[in-house]
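Visitor: Can you walk me through this one? I would like to start in the middle and work outwards.

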Amino acid sequence: MAIYEIEEDEWLRLARIGNGKDALLFSSPFCGTCKVAERMLDIVQAAEVPTTMYKININYAPKLREAWKITSVPCLVLVKNGEPQRFEYAMRSVDYLYKLLKEDE
């Protein structure tokens, strides 16, 4: 299963309140580090973490970028019941991301 690419208006329309855990990767198509982060998340997802993963182009997400104060990319936002819980700017390793996404199952 791939990471779902989503647009800002789609994300804002999702009825995620009370529906568990999501991860939203803010990235840019010209960012090499973002591509590495996405590949690492693909590997983590293959290990079947119980988190739905999305990615969004930060250039086309001004409302979320401002509301959540995203300062750089890549930025992985862990969202629980529709509210951002944690912001990760350093992806560190596949193992680190796996443990991060497995927390609070």
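Guide: What follows covers one strand, its partners and the cores. This is a predicted model, in which local features need pLDDT of at least 70, side-chain atom pairs count only at pLDDT 80 or more, and totals for chains, interfaces and linings use all residues. Residues are numbered from 1 along each chain as its sequence is written, and side-chain values use heavy atoms, with hydrogens and water left out.

Visitor: How many residues of strand 2 are buried?

Guide: Seven of the seven, so strand 2 is largely enclosed by the rest of the structure. Buried means under 20% relative accessible area, exposed over 50%, partly exposed in between (1.4 Å probe, protein chains only). Strands (E, at least two residues) and helices (H or I, at least four) are DSSP runs, numbered from the N terminus.

Visitor: Which way do its side chains point?

Guide: Lys21, Ala23, Leu25 and Ser27 point one way from strand 2, and Asp22, Leu24 and Phe26 the other way.

Visitor: What does Ser27 touch?

Guide: Leaving aside neighbours within four places in sequence, Ser27 is in contact (heavy atoms within 4.5 Å) with Cys34, Ile56, Asn57, Ile58 and Val73. Ser27 counts as buried because its relative accessibility is 9%.

Visitor: And in what sense does strand 2 pair with strand 4?

Guide: Antiparallel, over six bridges; pairing requires at least two DSSP bridges between two strands. Phe26 stands opposite Cys75 in strand 4. With strand 3 (residues 52–57), strand 2 pairs in the parallel sense over six bridges, and Leu25 stands opposite Lys55 there.
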